[in-house]
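Work through the following exercises with the sequence and the structure at hand. Attempt each task before reading its solution.

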Amino acid sequence: MGKLIRIFERTQPINFLSPQNEYNLYRSSFLSSELGWIYQGIPWKELILSFGLRDKGHGPDSLFSPQGKLALMFLKSYTNFSDRKLIESVNGNLHYQMFCGIMLKAGESLKDFKIVSRIRTELGARFDLDRCQQDLARAWKPLMNQTHVMLEDATCYETQMRYPTNVKLLWESVDWMYHQMALMCKHCKVRMPRSKYLDQKQKYYNYQRRKVIRKVYRQQLQMFRTGESIPDRIVSLSKSYIRPIVRGKEVKKVEFGAKVNTIQIDGLNFIEHLSFNAFNEGTRLKKSVWLARQLFGRITHLAADAIYATNANRSYCTAKHITTNFKRKGRAGKYEDQRQMISRELNIERSTRMEGSFGTEKEHYSLQRIKARTEQNEVIWIFFGIHTANLARLAQRIKAKHQRKAS
């Protein structure tokens, strides 16, 4: 390998290789990187069909192909960057450009960072969770082992919002109504044209907020009169779909965001159920087993938290011949020692591998505080974050597979 040239001492003219002329060299370097292995692990054609994407021939969003739009979402989760920083990084990183299927010429750069938000909104409106996860499972199954073992747990992916209190919520409503009154008084003598789409869209948005404010007022009035909490309570004016989720943790008893019941097969997480309302994950075990069987076939072993160990779930697992890590009830069987050994191994896998994966997704794949502004965008944000983390875990397996083929 040749020595690097120090450009700060006795600077000489440097001839940088042209990306156009030396494309194969850059492409080879990209495919041998971690991002390249992730790129090769994504079933692009299947996902494009699942989202129903088509190539646009005009407009600012036509720069990215259907595959490029999906790639930009995976890249955002992989880098854990904001929308603005992501576009700045794509401008200066050839590997990022190849991942997204674009190649900027010398002197060119992307300047509209809001394109990331527009693409996310477009994908959110077309998103089919079950179909997309089936596509990913089919593509990843040849790289997986022990697909008969299922781990299950639930977590909350919190949204970006201020901690709600009754006073803050009511003040937000009052403040918003005050500004609306000021605008109406200021412009009451000016007739606004009704032919402009953006004006009509803003009016509709204002109408929606008035509906939310009326509901907030009714809820807060009922709480004031009764002194009791009410179900389906709004805690954010800008994100009216968010509900408080009581988690019972010492550090954080209440969380605000999407609660996700997750199954893990061979280290890869799949969404079984996602809701912004609180739900009892213990009732989801049967559907979780059904999803795992649909994606990977027969399930013989299962590890889950104690909340899943209901009598109904125990009976179901016994009828389906599924060995669990649930604490035994009644008398010990003939093979109690073997059962306890299997139960310990399953407990270790669930408590370390699965719960550890939740922390990894939140810290490194844009799921710590989700900054999406709509419910659809928040769901698609979570989907790409979870499965980008899966692809990072699969990268080494894909690399080993290619090395075996090359040898």
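The exercises below concern a predicted model and proceed from the whole chain to single residue pairs.

**Exercise 1. The chain as a whole**

Task: Determine how many helices and strands the chain has, and state what percentage of its residues count as buried.

Solution.
- Step 1. The secondary structure comprises 14 helices and six strands.
- Step 2. The chain has 407 residues, of which 43% count as buried.
- Step 3. Its accessible surface amounts to about 24,200 Å², and carbon and sulfur atoms account for 53% of that area.
- Step 4. When contacts between residues at least 6 apart in sequence are considered, 69% of them join residues at least 24 apart.

**Exercise 2. Two helices in contact**

Task: Describe how the axes of helix α8 and helix α14 are oriented, and identify the residues that make the contact.

Solution.
- Step 1. Helix α8 spans residues 129–140 and helix α14 spans residues 375–406.
- Step 2. Their axes come within 12 Å and cross at roughly 0 degrees.
- Step 3. Angles under 35 degrees count as roughly parallel, and α8 and α14 are therefore roughly parallel to each other.
- Step 4. Helix α8 contributes L129, C132, Q133, L136 and W140 to the contact, while α14 contributes F383, H387, N390, L391 and L394.
- Step 5. Sorted by character, the residues of this contact are seven nonpolar, three polar and no charged.

**Exercise 3. The setting of C156**

Task: Establish whether C156 is buried or exposed, and list its contacts beyond neighbours within four places in sequence.

Solution.
- Step 1. C156 lies in strand β1, which covers residues 149–158.
- Step 2. The relative accessible area of C156 is 1%. Since buried means under 20%, C156 is buried.
- Step 3. With neighbours within four places set aside, C156 is in contact with I245, R247, E255, G257, A258, K259 and K362.
- Step 4. For one of these partners, A258, the C-alpha atom is separated from that of C156 by 5.6 Å, although the two residues are 102 residues apart along the chain.

**Exercise 4. Salt bridges**

Task: State how many salt bridges the structure holds. Then examine the pairs E272 and R284, E349 and R353, and R350 and E355.

Solution.
- Step 1. Side chains of opposite charge can pair when their charged atoms come close.
- Step 2. The structure holds 14 salt bridges.
- Step 3. One of them joins the side chains of E272 and R284, with an N to O distance of 2.8 Å. This pair links distant parts of the chain, twelve residues apart: E272 belongs to strand β4 (residues 268–275), and R284 to the loop between β4 and α11 (285–296). E272 counts as buried at 12% relative accessibility, and R284 counts as buried at 14%.
- Step 4. In the pair of E349 and R353, the closest N and O atoms are 3.3 Å apart. E349 and R353 are separated by about one helical turn because they are four residues apart in helix α13 (residues 336–364). E349 is partly exposed at 32% relative accessible area, and R353 is partly exposed at 35%.
- Step 5. The side chains of R350 and E355 form a salt bridge at 2.9 Å, N to O. R350 counts as buried at 10% relative accessibility, whereas E355 counts as partly exposed at 35%.
- Step 6. Finally, salt bridges that share partners join D266, E349, R353 and R397 into one network.

Methods: Residues are numbered from 1 along each chain as its sequence is written. This is a predicted model: local features need pLDDT of at least 70, side-chain atom pairs count only at pLDDT 80 or more; totals for chains, interfaces and linings use all residues. Side-chain values use heavy atoms; hydrogens and water are left out. Axes are lines fitted to C-alpha atoms, for helices over the stretch in contact, and angles run from 0 to 180 degrees between N-to-C directions. Angles under 35 degrees count as roughly parallel, over 145 as roughly antiparallel, 65 to 115 as roughly perpendicular and the rest as oblique. Contact means heavy atoms within 4.5 Å. Ala, Val, Leu, Ile, Met, Phe, Trp, Tyr, Cys and Pro count as nonpolar, Asp, Glu, Lys and Arg as charged, and the others, Gly among them, as polar. Buried means under 20% relative accessible area, exposed over 50%, partly exposed in between (1.4 Å probe, protein chains only). Accessible areas come from the Shrake-Rupley method with a 1.4 Å probe; for residues, only the protein chains shown count as cover. A salt bridge is a side-chain nitrogen of Lys or Arg within 4 Å of a carboxyl oxygen of Asp or Glu.
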